[in-house]
Amino acid sequence: MSLWLDAFAHVFSLSTLFIILLGTLFGIVMGCIPGMSSSMAVAIIVPFTFTMDPATGIILLASIYCASVYGGSISAILLNTPGTPAGAATVLDGYPLTLQGKSGKALGVSAISSGIGGIISALILMTAAPFLAQQALRFGSPEYFAVAIFGISIVSSLGGKNPLKGLIAGAFGILIATVGMDPINGFPRFTMGSSSLIAGFELIPVLIGLFSASQAFILIRDALKPESDSTINEITGSILPTFKEITKLIPNISRSSLIGTFIGIIPGIGGDPAAFIAYNEAMRWSKHPEKFGNGAIEGVAAPEASNNAVTGGALIPLLTLGIPGNTVTAILIGGLLIHGLRPGPMLFQNNGDVVYALFISLIVANVLFMIIGLFGVKYFTYILKVPNRILGPVILLLSIIGSFAISNSYHDIWVMLLFGVLGYIFRQLDVPTTPIVLAIILGPLAEVSYRQSLLQSAGDISIFFTRPISAVFLIIALISFFTPFVRSFKTNQQKVS
Amino acid sequence: LVKANYIFSSVMILVGISIFIMSHNLTEDAAGWPSFFAYILIFLSIVLVIETTIKSRKSIMNEKKQKKEQGVKIIEKNLLFTVLSSIVYLLIMEHIGFLLVTPFYLSFLLWLLQYRSLKSLLLLSISATVIIMIVFQYLLGVPIPQGILENFL
């Protein structure tokens, strides 16, 4: 109980509320600019949280995460282009509403649905996570190995159209993580005589390179392309929906929030499918499914509630097991590690203050962006006009400063640039970059727990299959690993027939 | 994308082979994990080559795709200059410092992106550098590379 009280006191202090406000504003800005993503927004800020206390740092990152997912709906509605991939489903009915002169209403419903979705998922997170973490405390090395393998197994789901490319990226990431000292004996591996590589590649510069610098390169590349036809529409009609309109939407919003939270908990799926699934469900339950796609307000409420609910859901495996279920939560691990905090059950034991403050701040951030969305959304439309040729260089510069800031090291800037170029090339080749990060985070955990388990069992690998929790996680890992291949095979079969 | 897949797979196979060869200099304990994943990387990359070959034979859209790829390449010249100028910028910044070099770097990037008004180019570059310096170094306490101005800032 005292942890909750301490967390309340921390979150409701003026300085923390100010940080949440800043994070929310920054998140909405980054979310509403097409081409930006939640992962880029969070990655670029991680190093700047280094000077903050751990709770405030992670609160800032979580606020950016929640707000940026909401921000994606602004450009989806006004510009016919989602600001973030998670906003793609919102375009379907959001833009037709704009064309009908009801963009205000769409933006208002989007803010309220996103806020409620985020709050419901935060409440589920607050209830479920401490209980799950308590259970996870019983884990030994074999269980951690199985959990890490489960986390790594989702790389096959992250390959987009081609699961094979996700796997290659994952294997590449595991090999990158082996650079530096061997975690058991301290033997230097693949350092090529460089003292800078003894500690391996720092996670934060790698993250900034893969997600921010590579995005800056894309913006710079596209800066000279002719402007797209999409014009920024003015906000028309009242933003604040009536009480009756909202009460009508409540069942839809609640259902979509539960869908989003549940999908968020399952690693590897993410916000964009969650939004589409909630959209389909809303259409299935609607009395007027024919209105969907032609400007149904339910078609805005469902995906927005769902994609924002993913934020709380995705934090459950992250905080309780240390498994990042999507790109942003993988980056959030970087935000925790920068303060020496390792996500997992011990985080609740050793740093309960940080975890509970994060829970409360999620609700505050969701309420805050809802208010900002209802009363200040018109100011964010100006940001949509900032050209790529300004954004690109600025993001590149921030990536450089951010990489230097962590340990005053020029080496980190070079690492960032290297991974920025690598990330850009991978994106051009349709190779996903998230598996690399996932593997860099979970690879060392898997290796250490694997080798420790074998030391315990005198080299007998049956230790992983005879312990029930470990065996269950390995079975889930197998299922999660092969599911995308089965899906891809079935799709091909359907195409053939 | 067919050609790109071949190049990507080849590079990944080379990475796998290099790791595998370098693993021979390590103790058996330390080499086990990376060697195993080097094998996996090589295997998966070979599978990608085979998959791409089979798919490309089935595809009849190749010519159109190649035309599209050529269109993208022309624009990518910008990017090459951006990366090269970033390398030069980092090399110089290490000695001279952020404040003195960044306006030139930003000006170059903006010029590369067709900003031709000298006045707004200089104004943007200098003001962005100064604002970043003030916000990060003085307000957020984030270290910025100082270079030769180390004792003055």
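## A tour of chains A and B

Over all chains, the structure holds eight salt bridges (a side-chain nitrogen of Lys or Arg within 4 Å of a carboxyl oxygen of Asp or Glu). Before you start clicking: this is a predicted model, in which local features need pLDDT of at least 70 and side-chain atom pairs count only at pLDDT 80 or more, while totals for chains, interfaces and linings use all residues. Residues are numbered from 1 along each chain as its sequence is written, chains are lettered from A and ligands numbered from 1 in the order in which they are written, and side-chain values use heavy atoms, with hydrogens and water left out.

**Stop 1: a bridge within chain A.** Select R467(A) and E143(A), a salt bridge whose closest N and O atoms are 2.9 Å apart. R467(A) sits in the loop between α19 (463-466) and α20 (468-496) of chain A and E143(A) in helix α7 (residues 141-153) of chain A, so this pair ties together parts 324 residues apart in sequence. Helices here are DSSP runs (H or I, at least four residues), numbered from the N terminus.

**Stop 2: two helices side by side.** Next, show α9 (residues 203-222) and α18 (residues 434-456) of chain A, which pack at an angle of about 170° with their axes 10 Å apart. The axes are lines fitted to C-alpha atoms over the stretch in contact, and angles run from 0 to 180 degrees between N-to-C directions. α9(A) and α18(A) are therefore roughly antiparallel (angles over 145 degrees). Turn on side chains: L203(A), V206(A), L207(A), L210(A) and F211(A) of α9(A) meet T434(A), I436(A), V437(A), I440(A) and I441(A) of α18(A). Contact means heavy atoms within 4.5 Å.

**Stop 3: where the chains meet.** Now bring in chain B, where 57 residues are in contact with 52 residues of chain A. The area buried between them is about 5,100 Å², with 82% from carbon and sulfur atoms; that is the accessible area (1.4 Å probe) lost on putting the two parts together, summed over both. Pick out F8(B), W33(B) and L113(B), which lose the most area to chain A on the chain B side, together 14% of what that side buries.

**Stop 4: the charged pair across the interface.** Which residue of chain B forms a salt bridge with R451(A)? Select D29(B): the closest N and O atoms of the pair are 3.9 Å apart. The rule finds one salt bridge across this interface.

Note on methods: Parallel < 35°, antiparallel > 145°, perpendicular 65-115°, else oblique.
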